There are 2 protein chains.
Amino acid sequence: MKIVKAAELNMKDFHQRRVKLEKTKEKIVEIVELVKHKGDAALIELTARFDKVELKSIQVTQQEIDEAVARVPQNVKEALTTCVENIRKFHRTQWNNEPEFRGEGMELGRVFVPLDSVGVYVPGGKANYPSTVMMASIPAKSAGVKTIIVCTPPDKDGKVSDVVLAAAHMCGISHIFKVGGAQAIAAMAYGTQTVPKVQKIVGPGSMYVVAAKELVRNDVGVDFMAGPSEIIVIADDSANPVFVAADMLAQAEHDEEALVVAITDHESLAKKIQEEVMRQLEEVPKKVIASKSLEKYGHIVIVKDMDEAMHITNEIAPEHLSLNVRSPRKLLEKVRNAGSVFLGDYSAVAAGDYCTGPNHILPTGGSARTISGLSVDDFFKKIYYQNVSKEELRKLSKTVITMAHVEGLDAHALSVERRLEKSDKGHPPEKTDGKPKEK
Amino acid sequence: MKIVKAAELNMKDFHQRRVKLEKTKEKIVEIVELVKHKGDAALIELTARFDKVELKSIQVTQQEIDEAVARVPQNVKEALTTCVENIRKFHRTQWNNEPEFRGEGMELGRVFVPLDSVGVYVPGGKANYPSTVMMASIPAKSAGVKTIIVCTPPDKDGKVSDVVLAAAHMCGISHIFKVGGAQAIAAMAYGTQTVPKVQKIVGPGSMYVVAAKELVRNDVGVDFMAGPSEIIVIADDSANPVFVAADMLAQAEHDEEALVVAITDHESLAKKIQEEVMRQLEEVPKKVIASKSLEKYGHIVIVKDMDEAMHITNEIAPEHLSLNVRSPRKLLEKVRNAGSVFLGDYSAVAAGDYCTGPNHILPTGGSARTISGLSVDDFFKKIYYQNVSKEELRKLSKTVITMAHVEGLDAHALSVERRLEKSDKGHPPEKTDGKPKEK
């Protein structure tokens with residue numbers, strides 16, 4: 001991890017981080033096609049090949065779920081419950097309708113319709129990610145999605161971890177499938193005998209999963225292409241280097257490719273942060289991973305002021321942004337590109353990862369410039385509607401007819417003219433009172 | 001156009017309509033690369049090749065805009081004004097913030113940040129589409145996007161039509177570029193000496209444009225892949241076959257590939273609609289195009305009841321849905337998949353195309369199952385933030401630490417533990433009062 005002046009920073013190092021998936025896509029085309037055409041048989045064959053396990057059944061049985069829930073220790077159950085409650089409480093505040101616009105002779109608006117079905121991909125195999133289950137499924141449930149399924153790779157005994165099953169159970173999900181990787185994405189995109197086809201697939205995953213989402217995204221909705229984790233911590237002289245270093249390491253332990261940056265306007269703090277990171281690194285069990293990430297993408301950047309810090313931050317558009325400064329609210333106003341922002345000393349990113357409420361499935365690789373973190377909004381369609389009275393149509397007719405002729409679309413003009421002709425041939429008179437048919 | 005019973009309907013005919021872009025993508029890779037590497041020189045070369053015109057300058061000058069605005073006839077100016085006002089009025093009602101969630105020791109929420117820059121693609125060459133300018137740019141403006149540019153192909157004299165320039169002018173856009181096709185998309189995605197790189201590209205276009213959007217969509221935001229127009233009209237015995245037929249023809253004149261369907265529970269009405277379509281077809285200047293669309297995708301479907309009509313409609317997920325029935329509001333409640341819904345006899349789709357207010361850039365090809373029509377929401381990022389007090393972090397610490405250990409992320413646990421250690425080494429005491437740093 002190096003200390004650099006802002007002027008020495010090579011922004012290309014950051015901008016070129018996005019994973020190039022072309023080669024991975026080529027490799028998995030065959031997998032996707034196999035699942036598409038052979039269904040369950042392909043899933044069993046591919047799970048044997050990649051997960052080294054012969055599945056007896058693809059779907060987790062209710063008995064397996066019940067037993068897993070029973071086995072989960074009480075403290076973990078309590079932790080899951082707190083997470084679920086807090087995430088649910090917060091996501092319920094997210095917008096899901098808006099007022100109708102009523103003009104004199106028009107009613108206009110949008111109806112918010114939840115998706116019918118959503119598939120959640122939960123990484124697994126070596127580690128367990130119950131938090132992914134919660135973060136992906138709770139906003140879908142809040143939106144009103146009826147069918148939510150989970151796909152997650154089995155371990156070498158053909159099992160899904162107890163805590164993942166318990167988290168799914170607490171989120172009200174009972175359809176869980178022991179399939180991982182590109183084959184899971186293909187199964188949810190096209191359906192097999194056992195795995196239902198869904199309308200949208202969400203959740204993070206390996207580069208095979210991400211590449212598979214890219215391959216199928218014309219046939220099914222997908223959230224976004226999540227890459228390695230990222231954090232920028234902006235620190236002024238009020239910041240505690242112990243906390244800054246701790247958040248940096250909590251990000252670095254995720255992935256050798258994780259981006260870990262601190263930005264400060266105090267050179268002496270930069271040194272302290274560096275020392276703290278090195279000191280704390282010794283206590284991190286995943287030291288090997290964290291060291292690699294720090295070596296590759298670890299930066300402590302010295303800036304002349306907070307404006308420069310914000311400029312660099314908005315250029316990088318990090319997944320997580322921690323504002324360890326005296327007036328974090330003021331700095332928040334200058335954030336233009338970031339996934340999720342953590343204000344002040346005690347908004348530990350790790351707390352947000354699990355249980356403060358906001359979502360942790362966030363845009364990476366610079367995509368925060370245009371994309372938002374997963375939310376209830378991602379599980380709605382907003383369908384426009386309009387109810388126009390005859391009188392209003394008459395008022396607008398000149399505009400429509402003029403525009404239609406300008407665009408060379410005469411049948412468009414005719415469709416209005418015919419409605420306003422004196423005799424509405426063949427039409428029952430009670431429909432021509434000039435008002436919308438009903439309110 | 002055929003009359004069929006619901007049971008005879010082959011849904012595959014509808015589901016397979018989505019344009020396969022693989023071959024088109026292969027063809028235009030070279031174009032995109034050329035623009036990426038040669039910038040303006042490539043744009044001039046490609047415009048000469050495809051639009052048969054030697055551009056003197058790529059950007060439309062202010063003088064050209066002023067002269068165009070002056071030349072536009074008064075009635076067209078008035079029509080444009082009405083469109084702009086109505087579209088703006090409606091889009092301003094669209095949601096753009098939500099309340100903050102305040103717990104005892106937490107403040108959570110999302111800030112809504114408009115995109116920095118948006119590129120609008122406006123089809124052109126043979127026809128003029130001022131309505132596209134308005135529908136794509138007004139929601140962006142409403143969201144607060146500062147930089148909006150337009151790319152549109154020039155005609156054979158190297159000019160952009162007066163009415164398109166006037167519409168752009170009225171929408172507050174002054175950066176207009178005479179570039180069309182895949183090269184325009186590449187220019188906006190990567191930037192050239194003249195055309196600025198934007199954060200998101202919106203607007204419909206030919207299959208080359210759509211394919212180019214697919215090619216660049218990992219490097220720039222795009223709206224969605226719009227295909228040929230679609231309409232379903234649901235008609236009960238209260239419907240006027242003259243109006244139904246007129247709306248069908250207004251859709252059919254768009255494109256030989258347009259989907260034009262009427263669904264009714266009255267066999268006699270089906271016949272009347274068919275007769276009306278044939279009669280009115282004779283009066284449509286774009287009869288050749290409309291006939292081909294009707295021949296290929298024209299259907300009048302006879303159903304046993306409105307539930308069956310809605311079932312078929314939701315399966316097809318049409319771009320436009322017209323409810324020509326006695327109680328359209330009731331039927332609206334059953335719509336799950338559609339882009340925009342038109343209620344009753346007088347909500348002519350053509351009026352919605354121009355000036356009632358809702359957007360006309362809508363999902364097609366079945367993508368209305370998961371995607372919504374263009375709106376203000378498409379021009380915002382929603383950035384999560386959280387401000388957690390020390391006390392609240394202490395309360396949540398057991399949950400975070402338990403979850404972190406379950407997921408094997410010990411540095412996550414440490415990042416919380418270190419914040420709650422008795423002595424906050426090196427940290428000024430006034431920051432440890434247990435409250436968020438500021439409200």
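This is a short dialogue on how to read the chain contact, the sheets and the salt bridges in a predicted model.

Biologist: Let's start with the layout. Which domains is chain A divided into?

Modeller: A domain need not be one unbroken stretch of sequence, and chain A shows that: domain 1 takes in 2-18 + 228-372, while domain 2 covers 39-224 and domain 3 covers 389-439. Taken over C-alpha atoms, the centres of domain 2 of chain A and domain 3 of chain A are 47 Å apart.

Biologist: Now the interface. How many residues does each chain bring to the contact?

Modeller: Start with the residue counts, then look at area. Here 140 residues of chain A meet 141 residues of chain B. Together the two chains bury about 12,200 Å², with carbon and sulfur atoms giving 55% of that area. If you want names to click on, try Tyr346(A), Tyr384(A) and Arg419(A): they supply 8% of what chain A buries against chain B, more than any other three residues.

Biologist: And the polar side of it? How many salt bridges and polar contacts link chain A and chain B?

Modeller: The count is 16 salt bridges between the chains, and 68 residue pairs are in polar contact across the interface, both residues being at pLDDT 80 or more. On chain A's side, helix 5 (residues 74-91) gives the most, with 11 residues. By residue type, that side of chain A splits into 60 nonpolar, 41 polar and 39 charged.

Biologist: Can I have one salt bridge to look at? How far apart are the closest N and O atoms of Asp247(A) and Arg419(B)?

Modeller: They sit 2.8 Å apart, and the pair forms a salt bridge from chain A to chain B.

Biologist: What about salt bridges inside a chain?

Modeller: Over all chains, the whole structure has 54 salt bridges. One to view is Arg394(A) with Glu391(A), at 3.6 Å from N to O; the cut-off is 4 Å, so this pair counts. Both residues lie in helix 16 (residues 390-406) of chain A, three residues apart, about one turn of the helix.

Biologist: On to sheets. What is the strand order in the open sheet of nine strands?

Modeller: Read the order from one edge to the other and watch the chain letters. Here you get 2(A)-3(A)-14(A)-13(B)-12(B)-9(B)-10(B)-11(B)-1(B), with mixed pairing. The edges are strand 2 (101-102) of chain A and strand 1 (2-5) of chain B, each pairing on one side only.

Biologist: Where chain A hands over to chain B, how do strand 14 of chain A and strand 13 of chain B pair?

Modeller: In the parallel sense, over four bridges, with strand 14 spanning residues 380-388 and strand 13 residues 340-343. To find the register, look at Asn387(A), which stands opposite Leu343(B). Within chain B, strand 13 also pairs in parallel with strand 12 (residues 320-324), over four bridges, and there Ser322(B) has Phe342(B) as its bridge partner.

Biologist: Chain B has a sheet of five strands too. Is its pairing parallel or antiparallel?

Modeller: Parallel, in the order 6-5-4-7-8, and the sheet is open. Its edge strands are strand 6 (175-177) and strand 8 (221-222) of chain B. At the strand 6 edge, three bridges join it to strand 5 (residues 147-151) of chain B, where Val150(B) stands opposite Ile176(B).

Note on methods. Residues numbered from 1 in each chain as written. Chains lettered and ligands numbered in written order. Predicted model: local features only at pLDDT ≥ 70, side-chain atom pairs only at ≥ 80, totals over all residues. Heavy atoms only, no water. Domains from an automatic or database assignment. Contact = heavy atoms within 4.5 Å. Buried area = accessible area lost by both parts, 1.4 Å probe. Salt bridge = Lys/Arg side-chain N within 4 Å of Asp/Glu carboxyl O. Polar contact = N/O pair within 3.5 Å; in protein donor to acceptor, adjacent residues only side chain to side chain. Helix = DSSP H or I, 4+ residues; strand = E, 2+ residues; numbered from the N terminus. Nonpolar A, V, L, I, M, F, W, Y, C, P; charged D, E, K, R; others polar. Pairing = 2+ DSSP bridges.
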